[in-house]
Amino acid sequence: MVSCICNPEVLLPGRRLIIFLLLSPVNSEKDPIFDTHKAFLKHIEEEIIIHICESKSTYEKWRELIQDKCDFDIDPLSIYELSLREVNGTVTAVDPLNKSSERLLPSSDSSFVVLKQKEEDLLPDLDILCVNQCDNIYEENSQKFQDKKLEVEEEFYRGGKVQWWNFFFCDKDKEKPFVKRDKYEQVKKMIRCQLRESKNMCVLFNLFHHPGCGGTTLAMHVMWDLRQEVRCAVLLDNSLPKTEVAVQVVKLMKLESKKPCPVLLLVDDSKETENPHELVNCIPKVAETYFNINEDNAHSCKVIILNCVRSHNPREQYRRHKPSQFITASLTSEEQKEFDNKLKELKETHDKPENFYSFMIMKSNFDKKYIKDLAHNTLENFDFSSKKAQLFAFLALLNTYVADSQISRSLCEDFLEMKMILWQKESALDRMEPYSNLLIIERSENWGHKGIRILHHSIASACLEELERSYSLKASDITMAILHCDLFFSDRVVKQRFMDSVQQMLIGRLRKKDGVQREPFSPLIGKIHSEEVGQAVQQIFEKASSRFEKSVSIPQALARYLYIKENDFPEALKWAEKAKNMNENPFMFDTIGEIHKSNLKSNILKEKKETSCNPEDLNKNIKIASNAISAFKRAQELANTEEEAEEEAADDESDDYPRKSYTVKGYVGMLEIAFLVFEILSRLPFFEKSDPMKKTCFLSFLQKAFPITSVFKEDNENNSRCEEIIKEHENFLQNLKTEVKETFERVNCFYTYMKGSNSEFHSKNHRTVCNLFKTYVGLFCTEQEEMKKERQNKPTLNLKIDVDEQRLFLEKNQADTFVGILQCFFDKPAEKIERITESYAFLQEKQQFINKKQKTKETINYILSNIVLNLLKSNSKHVKSTCHLSGLLLTILQDVGLGYPFPDPYYLALLLFWPSPTEVNTEIATYVKAIRNASHRRLTSLFGKRSTVAHLYLGKEDGLKRLVSKPQLDENFKKMRRETLAQLWRSGDIFKDKAIISCLQRVSGTIEQGEVFASYGKLKIPVRPALIGSVNAVHSTEKVSFYLGFAINGPLAYDIQYEN
C-alpha cells in the first residue's frame, strides 16, 4: 500500500507531504506505526515526513526510536505538546490540497489553530488577519479571480484604502510584487527584535508618517508578512474604552492555545502617542486580573502595538519617541524606480492607469505641480451655486483638515436631491460629474455605511487652494455654508460621523514643528485668522455653537480665540462661562482663569507705559486677580476630587493637557497670578521696590507685620484712594505670600514624590514653577534693610537675627521643607547640603522655636538633612551618628504618636528602623500603617491614582550606608541615553542589571491573598508592589523575594520573583 501511495503517478514529486500524527506513545520497533514509517523511508526522503506528537514524552520516545533504528534526527521536522485544536489546525495548514474555508491562526511551537466564527464574533472590534487570509475563496484560474484582482487593484491605486487582498494577489504573482517603501524592512526587523528581546508584556512601536504617503499601507504590509509568526489584528475603533480593547486583545492572545501567543495590534492613525500608552498600561492589568497571565511570562505573551500616527513632522516625532520609525512624502531613487516599474505592469492589465491619481501622485514623488494642474483642470468652470459644486467644496474642506473624513453616500444623495427610483441607475458619483474622477466610495469600518471622499489628501488640499485662487471661494465661506445647511444637522444616525468631522475641523489642534507644543488653534481656524480680516472666526464659532448645542468644546474654543487673538476679555469670559455652566470640570475653570490672567497681563503692559498710577486701575486689577485665583483654585479642587470621570473631552482637555491629568496646573496658575499682583503692588509710589525702605515696607505688609494704614505715604488723593482699595482687599493681599509658600510646597511634592512624566505639559509647568521660585527668592529671601540696621544698632538682638538669617537661607534653598531636602539628591552639590545641615544644627542648638510645631518640623528636617549628607558626603564633620539620629526620631515619634498629619516622621522611621539580619524593630509595621494613613490624608489629592517613586533603596551594608539613593544607582548608566534609562526604570528591567544587583539587598517575603509582605523571622511587614501586574491574583500564600524602595507613602517592592 505504501509503495502504491509513493508512486510518482499518484503523489507527484515536490508536491507530497507525509504526516505522522502520534496521539499515544510508540514504545517498540515492532509497533505497526514504526513499520509504516520504515516503509515510507524506502520510497521517499526523510525531509518530507512531518511528525506531530500530542506530548513531549511521546515525541521523545518516537525521536529516540527513529534515531536509534534509522540514524536520523527528526527534531527539525517535529511538532509536539499541542492541543487537539492545534494539531487539527496544523494539519489543515500544511495540507497542500486543502480547500477548506476554515481560518487559521499561528499558535505555540510553530503550530496553527482554526479560528471559529463564534470565537471571532466575540472579538468584534478587531479585524483579525489569518494565516490563510483570502485563500480558497476564488479558484485561482477562474475569471472571478482575475476580475477580483483587477477590481481590488483599481480601487487601491485610485485612492482606496489598502486591503489584505492587495498583498494576497501580489504574493500570487511573484513577478509583480507589491511596492515597498524603503523603511519596510527596518520596521519589520524592529518589530521582530521587540518580539524577541523586549522584556515587557506590551510594547508601543510608533510609525509616524505624512498624510497620504503610505504609512498605513506599510504597516499592513509588515503585518501581512508576519502573519505566520504572530497573531495580527487591526483595531477598528480607536475611541473604544481601553479596558474593552485590552480584554479582546488578551482573548486573541490566549485563543485555543496552551501558551499565550504574541499579538501584533495595528492602531491606525491614532491622534497621539499618549493615547495608546493607556492601552499599553491596560493590557498587562487585564492579562493578570482576568486571565492570570503574569508579566514574568512576557517572553511568550507579548503584545506589540503598531501605532500609525499621521504627523506633519514625522522625523521630529521619531526623534522624540523610541522605539519608532518614520516615513515622509518623499521617495528615494530606488522607490521611484519601483513605482515606474509598477506603472508598466498596470498598463498591461488596466485601461488608463494614468487616471489612478493616488498612485500617480506617489509616482511623481508628490510633485506639487502635477497635483495643482490636476485640481485646476478638474475644477474648470466651477459654479458654487450648484449642489454638486457645493458638495465637492465641502468634501475638499473636510478631507483637507480632517483625517479619514467622508460624507455618507445617503447624505450626499439627500443633499443632491436624488429621488431613489428602482429602475433609475444614476448614482451619486454620476451626479457629481465632472468631479467624480477625484472621488471614491468606500465602506466605513467603524460606522458600517458607505461614504464618499476625495481620493487623496493632497488632491483635496490642492482643490481648496484652487477654489480660493480662481473663484475667490474662501475656507470660511465653505465652512459657513456647511454650518448653514439644515440637512446636515437634522437627527439622523448616518450624519454623526460627518458632524464629528466638522467639529474636529474646528477644534482639533496639531503639534508645532518642534513636535512638542501645540498650535493654539485648529489648522482651519489658524488659516482663517491669518488670511482673512473681520470677525470670520467668531462668526463661525457662534454658528457652530448653535449647531452643536451640547458641545462644551465649541464655546470654550471661541473663548480661547477671543482672549488669545482678539484680546476681547469680556466676550471671552461670556463664552467660557457658557462652557462652564454646561460642564463644570477643571478645564472649564482653568480657561476662565487663563482669561483673567491674560487680561491682567494686558493691563499691566498698558499701565507700564503710563507715567502716573490710576487707583481705579489698581482696583480693577486686584478684582481680576482675585477672580483668576478663585477660578484656578476651583479647577484644582475639581481635579483633586475627580475620579476617572468619563466626560466629554473639552478642547483644552484633549489638546493642552494629557487626558484625565490636570494634576497641578491650577496651582501653577495661582502662583502666576500671585506674582502678577506682587508686581502691581511693587509699582505703587509707597511700595516702590527700587527704594530699599519702601521695599522693606512692602514685604512687611505682605507678611502681615502691619496693616496698610500703618504704611508711610505721601499725603495726596491718589495715595489715599489706593489705601482705601488695598484696605478693601487687605485680607486677600496679605494671605497671598502664605498661599504662595504653601503652593510651592504642594507642587514640589508632586514633582518629587511622583513618577516622572515625559509630557511637555508637565515639563513646561515645572519650568514655570522653578522660574517663579527664583522670583520669590529675589523678593522674600534677601536680607532686608531693617535686619542690617538692627544688627548694627541692637547687638543684643544678634541671636534672633542669626536665627532669622539661617531660616532665610533654608527657605532660599527650598530646604525649609521635607520635600525640598529630599530634592537635594538631584539638584544640589554635597557642599550645599552640608551648609543646610549646619544651619539646622545651629537651630537645634539655639532652640529658638516659635512653638512646638516648628520645633517638631525642624527636628524632622534636621534628621533628613543628616541622612542626605551622609549619602553625599559621609566624611563631613556635620554628619551625626545613626544612634544620635535614631534617638532624636524616637523622641519625635513619642510626641506625635501615629496621627501626625504629615508622612515625614514615619518615612524617617522606615529609613532608620527598617530591620536588618541582626536587629528587628517590631514597631516597623505600625510605622508602615502610619505613613500610609498620613500620605493618604495629605497627598491623595496630588497623587490620584498615580504611582509614587522611591528615592532611597535598601542596600547590602549596615547603618546609614545601607541606604542607596536613586542618583547613586543612575551613576552606573552615565553613557546611556536619558530616555533609555527612564524606560528601564519604568519597565523594572533596571533591576536585572549586574551593577544594580551588586548594590541592592534582596528581601525575602510572601504574597498572601494578593498582598505583599517582607518577612524577617516571624515579623511580616506590608509593602506595595512598585509595578502594576507584578503580583499574581492568587488566593494562596507564595514565597517571593524582591528589592525594597522607600517612597513617601510606604515601602515598595521591585522585581518581585516567585521562589517556585
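This report walks through two sheets, a couple of helices and some salt bridges in a predicted model.

Residue numbers start from 1 along each chain as its sequence is written. Since the model is predicted, local features need pLDDT of at least 70 and side-chain atom pairs count only at pLDDT 80 or more, while totals for chains, interfaces and linings use all residues; side-chain values use heavy atoms, with hydrogens and water left out.

**The three-stranded sheet**

Let's start at the N-terminal end of the numbering. Helices (H or I, at least four residues) and strands (E, at least two) are DSSP runs, numbered from the N terminus. Two strands pair if DSSP finds at least two bridges between them.

Here 3 strands make an open, parallel sheet in the order 1-2-3. Strand 1 (18-22) and strand 3 (78-79) are at the edges with a single partner strand each, so one side of each has no neighbour in the sheet. Strand 1 and strand 2 (residues 49-53) are held in parallel by 5 bridges, and leucine 22 has cysteine 53 in strand 2 as its bridge partner.

Two helices lie across these strands. For the angles, axes are lines fitted to C-alpha atoms (for helices, over the stretch in contact), and values run from 0 to 180 degrees between N-to-C directions; contact means heavy atoms within 4.5 Å. Helix 2 (residues 32-43) lies across strand 1 and strand 2, at about 165 degrees to strand 1. Helix 3 (residues 56-70) lies across strand 1, strand 2 and strand 3, at about 145 degrees to strand 2.

**The six-stranded sheet**

Another open sheet has 6 strands in the order 6-8-9-10-7-11, and its pairing is mixed. Its edges are strand 6 (126-129) and strand 11 (324-327), each pairing on one side only. From one strand to the next, the twist averages 20 degrees.

Strand 9 (residues 263-268) and strand 10 (residues 303-310) run parallel and are joined by 6 bridges. Within strand 10, isoleucine 305 is the bridge partner of leucine 265.

Helix 9 (residues 215-226) packs on this sheet and touches strand 6, strand 7 (202-209), strand 8 (231-235), strand 9, strand 10 and strand 11; its direction makes about 165 degrees with that of strand 9. Helix 10 (residues 242-254) lies across strand 6, strand 8, strand 9 and strand 10, at about 160 degrees to strand 8.

**Helices 6 and 44**

Helix 6 (residues 143-158) has 16 residues and spans 22 Å from first to last C-alpha, close to the 22 Å expected at 1.5 Å a residue. That expected span is 1.5 Å times one less than the number of residues.

Which residues of helix 6 are buried? They are Phe145, Lys148, Lys149, Val152, Glu153, Phe156, Tyr157 and Arg158, where buried means under 20% relative accessible area, exposed over 50%, and partly exposed in between (1.4 Å probe, protein chains only). These buried residues pack against helix 7 (164-172), helix 9, helix 13 (333-349), helix 14 (357-363) and strand 13 (439-443). Just after helix 6, glycine 159 has a positive phi of about 150 degrees.

Much further along the numbering sits helix 44 (residues 978-987), with Leu981, Trp985 and Ser987 buried. Its buried residues pack against strand 15 (952-954) and helix 43 (966-970). Glycine 988 follows helix 44 and has a positive phi near 90 degrees.

**Salt bridges**

Side chains of opposite charge can pair when their charged atoms come close. A salt bridge here is a side-chain nitrogen of Lys or Arg within 4 Å of a carboxyl oxygen of Asp or Glu, and the structure holds 50 of them. Three examples:

| Acid | Base | N to O distance |
|---|---|---|
| Glutamate 120 | Arginine 103 | 3.1 Å |
| Aspartate 373 | Lysine 369 | 2.8 Å |
| Aspartate 1055 | Arginine 1002 | 3.0 Å |

Glutamate 120 lies in helix 5 (residues 117-121) and arginine 103 in strand 4 (residues 103-106), so this pair ties together parts 17 residues apart in sequence. Glutamate 120 is buried at 16% relative accessibility, whereas arginine 103 is partly exposed at 21%.

Aspartate 373 and lysine 369 both belong to helix 15 (residues 368-378), 4 residues or about one turn apart. Aspartate 373 is partly exposed at 31%, and lysine 369 is exposed at 56%.

Finally, there is a network of salt bridges linking Asp590, Glu594, Lys597, Lys665 and Glu672.
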